[in-house]
Amino acid sequence: MNEALQSLLDLLDLEQIEQDIFRGQSRSAVVPRVFGGQVAAQALVAAGRTVPGDRAAHSLHAYFLRPGDPGAPIVYTVDRIRDGRSFTTRRVVAVQHGHPIFHLSASFQTYEEGLDHQAEMPPAPDPETLPTAAEMLPLHLPAHIAERMVQARSAVDLRYVDAPPWASVGQPREPRSQVWFRTNGKLDDYSDDPLLHVCLATYVSDMTLLDSVLLAHGRGGWAVGDVVGASLDHAMWFHRPFRADEWLLYDQESPSAHGGRGLGQARIYTQDGRLAISVIQEGVVRVPHGSS
């Protein structure tokens, strides 16, 4: 396990400061605010810490309210909304400097048998044949930006199937993208903790989902500064068990952009073709004044 992955695991190991109140640390991201995937994953950790171990997370719905300060801890307060026979519901509010910055509702369920079908996994190349981020990013971005992005994502092995937005600026194309991802190291010591794998996938899910919005308009995104944006809301449904340290295909598309907002939707598959997660996210996507 590399140092960056251990640092991420430490970030998700929240400190309990009172019953149903937890504190998490932050770290700098590519942009000068807390990375949205971090606060979403930490909030899900906080919710999961108050739920019986036999109930797995099956969905989350979240709103990003204010930019987070990476230099300050975040306090997560969990509200035990419901404990039913099959389902448990939790609400989490993340607070910094006396103000809520993030709100999450999550639902957990005991395992049960039921109907089973899924959308078929789309074709995608073997992830081992694709360049790593450390190999690919410096080819398309200024050295200082590429270095920051590689460092920010170094806990994750994330590989683009097609060229990312910043590699095709000015060339609009179909608003679809695929990436393969897994943690940058095995998690054998955490094999019995399905919540951790769900939280790690939540963390990664905020990295690339709005890229498909940018592709439709030939925009390079936050990395090159031809748009400004931020996540607004985020929803995930966890369908089947998976491991975050094994390859997962993130198949993404954007059905709409309008009114300064862009929508991304995606499915995440295991390498053997099981549909593990569905994701939807809307974000602010604005063209800076004076930008053509």
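## Two helices that cross

In this predicted model, the axes of helices α1 and α5 come within 11 Å of each other and cross at roughly 110 degrees. Angles of 65 to 115 degrees count as roughly perpendicular, and α1 and α5 are therefore described as roughly perpendicular to each other. The contact is made on one side by L8, L9 and L12 of α1, and on the other by L196, L200 and Y203 of α5.

Helix α1 spans residues 3–12, and its buried residues are A4, L5, L8, L9, L11 and L12. Seen around the axis, these residues cover an arc of only 155 degrees, which puts them on the same side of α1. An α-helix has 3.6 residues a turn, so residues three or four places apart point the same way. What covers the buried residues of α1 includes α2, β8 and α5, the last of these being residues 194–205.

## A helix with a buried and an exposed face

Helix α4, made of residues 143–152, has I145, A146 and M149 as its buried residues. When one looks down the axis of α4, these buried residues fall within an arc of 100 degrees, so they line one face of the helix. The face of α4 turned away from that buried side carries the exposed residues A143, H144, E147 and Q151.

## The sheet and the helix packed on it

The model contains an open sheet of 12 strands with antiparallel pairing, and the strands follow the order β1-β2-β4-β5-β6-β3-β9-β12-β11-β10-β8-β7. The edge strands are β1 (residues 15–18) and β7 (residues 156–160), each of which pairs on one side only. On average, and with direction ignored, neighbouring strands of this sheet are turned by 25 degrees against each other. Helix α2, which covers residues 36–48, packs on the sheet, where it touches β2, β3, β4, β5, β6 and β9, and its direction makes about 50 degrees with that of β6.

At one edge, β1 is joined to β2 by three bridges, and the two strands run antiparallel. Within this pair, E18 stands opposite I21 of β2. The two strands form a hairpin with two residues between them, and D20 in the turn has a positive phi of about 65 degrees. At the other edge, β7 and β8 pair in the antiparallel sense over five bridges, with V156 standing opposite T183 in β8.

Strand β3 has a partner on each side in the order of the sheet, standing between β6 and β9. With β6 it pairs in the antiparallel sense over nine bridges, and S59 stands opposite S107 in β6. Five bridges join β3 to β9, again in an antiparallel arrangement, and here H61 stands opposite A235 in β9.

## A pair of tryptophan rings

A search of the whole structure finds five aromatic pairs. In one of them, the rings of W180 and W247 have their centres 6.5 Å apart and their planes at 80 degrees, so the pair is edge-to-face; the reasoning rests on the cut-off that planes over 60 degrees apart count as edge-to-face. This pair links distant parts of the chain, since W180 lies in strand β8 and W247 in the loop between β9 and β10, with 67 residues separating them in sequence.

Buried means under 20% relative accessible area. W180, at 3% relative accessibility, therefore counts as buried, and W247 also counts as buried, at 5%.

## Two strand residues and their surroundings

W247 is also among the contacts of T270, a list that leaves aside neighbours within four places in sequence and includes M121, P241, F242, L248 and A276 as well. T270 itself lies in strand β11, residues 261–270, and its relative accessibility of 7% means that it counts as buried.

L232 lies in strand β9, and at 27% relative accessibility this residue counts as partly exposed. Leaving aside its neighbours within four places in sequence, L232 is in contact with A62, Y63, F64, R261, E282, G283 and V284. L232 and D251 are 19 residues apart in sequence, and their C-alpha atoms are 20 Å apart in space.

Definitions and conventions: Residues are numbered from 1 along each chain as its sequence is written. This is a predicted model: local features need pLDDT of at least 70, side-chain atom pairs count only at pLDDT 80 or more; totals for chains, interfaces and linings use all residues. Side-chain values use heavy atoms; hydrogens and water are left out. Rings of Phe, Tyr and Trp (its six-membered ring) pair if their centres lie within 6.5 Å; planes under 30 degrees apart count as stacked, over 60 as edge-to-face and the rest as tilted. Helices (H or I, at least four residues) and strands (E, at least two) are DSSP runs, numbered from the N terminus. Buried means under 20% relative accessible area, exposed over 50%, partly exposed in between (1.4 Å probe, protein chains only). Two strands pair if DSSP finds at least two bridges between them. Axes are lines fitted to C-alpha atoms, for helices over the stretch in contact, and angles run from 0 to 180 degrees between N-to-C directions. Contact means heavy atoms within 4.5 Å. The arc is that of the directions from the helix axis to the C-beta atoms. Angles under 35 degrees count as roughly parallel, over 145 as roughly antiparallel, 65 to 115 as roughly perpendicular and the rest as oblique.
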